[in-house]
Amino acid sequence: MAIQIAPSILSADFANLERDIVAVAEADWLHVDVMDGHFVPNLTLGLPVVERIAQVSPLPIDAHLMIEDPDRWAPRYAEVGATSVTFHLEAARDPRTIAADLRSLGARASCAIKPGTPVEDVLPLIDTLDMVLIMTVEPGFGGQSFMEDMMPKFRTLRAAVEAAGSDLWIQADGGVARETIATVVESGGDVLVAGSAVYGADDRGGEIRALRELGQE
Ligand code: DX5
Ligand code: ZN
């Protein structure tokens, strides 16, 4: 299984964003964390910034919306250029309609679950989604410790995806680093977000290569 690496710009230098975006060009996706200060206790950036990031990024945008009212806002992120849009199940009123709206706009539809949300809640949606994001930290901040106790969720979802004959991707976000990436991949994750691991390294390209190798073994 070929894994994909998605550096999170949450740990980039926001005063030098274009420089830090170009620095991770050999990854597969640019992970952009949108936080509204309500769904999570942190505030980052929104539509106009994502629109500009999409214009300068050599990588497709993987927008992770940690916001309330994704029914209203998620399609807007597809409209401004995000290739993949992830909304949180806990915030969604009608996840099937959000996913259908995203797909109709040509984006990949993705749904995230927080650590306290059972993976079983997302299983009925597999046919409507292109990716499920299983959080491996509480959403809100970079640099937190990887929650290994989330691994059974990956195994359950991977088994369900295989049973359904689906090509849904399974993303891990939070605490993914050299020490943890193999565990996630063994458990069924195939799209790996890494914020502090990549941006904390002096050689961002070298760190992406190291993660890819360790995850692929
Ligand atoms: C956390 C964000 C993550 C964050 C990951 O709420 O969704 O994408 O940037 O950061 P690390 O890789 O440092 O745990
Ligand atoms: Zn994220």
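Gln171 stands opposite Val191 in strand S8, and I should like to begin from that pair of residues. The structure before us is a predicted model, and the pairing belongs to its central region of strands.

Strands S7 and S8 run parallel and are joined by 3 bridges. Between them the chain passes through helix H6, residues 181-187, and this β-α-β crossover from S7 to S8 is right-handed.

On the other side, Gln171 of S7 stands opposite Leu133. Here strand S6, residues 131-135, pairs with S7 in the parallel sense, over 5 bridges. The chain crosses from S6 to S7 through helix H5, residues 151-164, and this β-α-β crossover is likewise right-handed. As for burial, 4 of the 5 residues of S7 are buried, so the strand is described as mostly covered.

Let me now widen the view to the sheet. How many strands form it, and in what order? There are 8 strands in an open sheet, and the order is S1-S8-S7-S6-S5-S4-S3-S2, with parallel pairing. At the edges are strand S1, residues 4-7, and strand S2, residues 30-35, each of which pairs on one side only. From one strand to the next, the twist averages 25 degrees.

Further along the sheet, strand S4, residues 84-88, runs parallel to strand S5, residues 108-113, and 5 bridges join the two. Within this pairing, His88 has Ala112 in S5 as its bridge partner.

Two helices may be placed against the sheet. Helix H2, residues 47-56, lies across S2 and strand S3, residues 61-66, and runs at about 165 degrees to S3. Helix H8, residues 204-216, lies across S1 and S8, at about 145 degrees to S1.

I turn next to the annotated positions. An unreviewed UniProt entry places the feature "binding site" at Ser8, His64, Gly140, Phe141, Gly142, Gly143, Asp173, Gly174, Gly175, Gly195 and Ser196. I shall consider two of these positions, Asp173 and Gly195.

Asp173 is in strand S7, residues 169-173. Is this residue buried or exposed? Asp173 has 26 C-beta neighbours inside 10 Å, and it therefore counts as buried, the threshold being 20 or more. Not counting residues up to four places away in sequence, Asp173 touches His64, Leu133, Met135, Thr136 and Val193. Of these contacts, His64 is itself among the positions carrying the UniProt annotation.

Gly195 is found in the loop between strand S8, residues 191-194, and helix H7, residues 196-199. With 25 other C-beta atoms within 10 Å, Gly195 is also buried. Its contacts, leaving aside neighbours within four places in sequence, are Pro7, Ser8, Leu10, Ser11 and Gly142. Ser8 and Gly142 are included in the same UniProt feature.

Finally, some remarks on the protein as a whole. It has 8 helices and 8 strands. Which radius of gyration would a compact globule of 217 residues have? The value would be near 17 Å; the protein has 16 Å, which agrees. Along its principal axes, the C-alpha trace spans about 40 × 40 × 30 Å. Of the 217 residues, 44% count as buried. Among contacts with a separation of 6 or more, 60% are accounted for by residues 24 or more positions apart.

To close where we began: Gln171 stands opposite Val191 in S8 and opposite Leu133, within a sheet whose pairing is parallel.

Technical notes:
Residues numbered from 1 in each chain as written. Chains lettered and ligands numbered in written order. Predicted model: local features only at pLDDT ≥ 70, side-chain atom pairs only at ≥ 80, totals over all residues. UniProt positions renumbered as here; feature names shortened; annotations may be inferred. Buried ≥ 20, exposed ≤ 12 C-beta atoms within 10 Å, placed from the backbone. Contact = placed C-beta atoms within 7 Å. Pairing = 2+ DSSP bridges. Axes fitted to C-alpha atoms, helices over the stretch in contact; angles between N-to-C directions. Right-handed = clockwise from strand over helix to strand, strands pointing away. Rg over C-alpha atoms; globule rule 2.2 N^0.38 Å.
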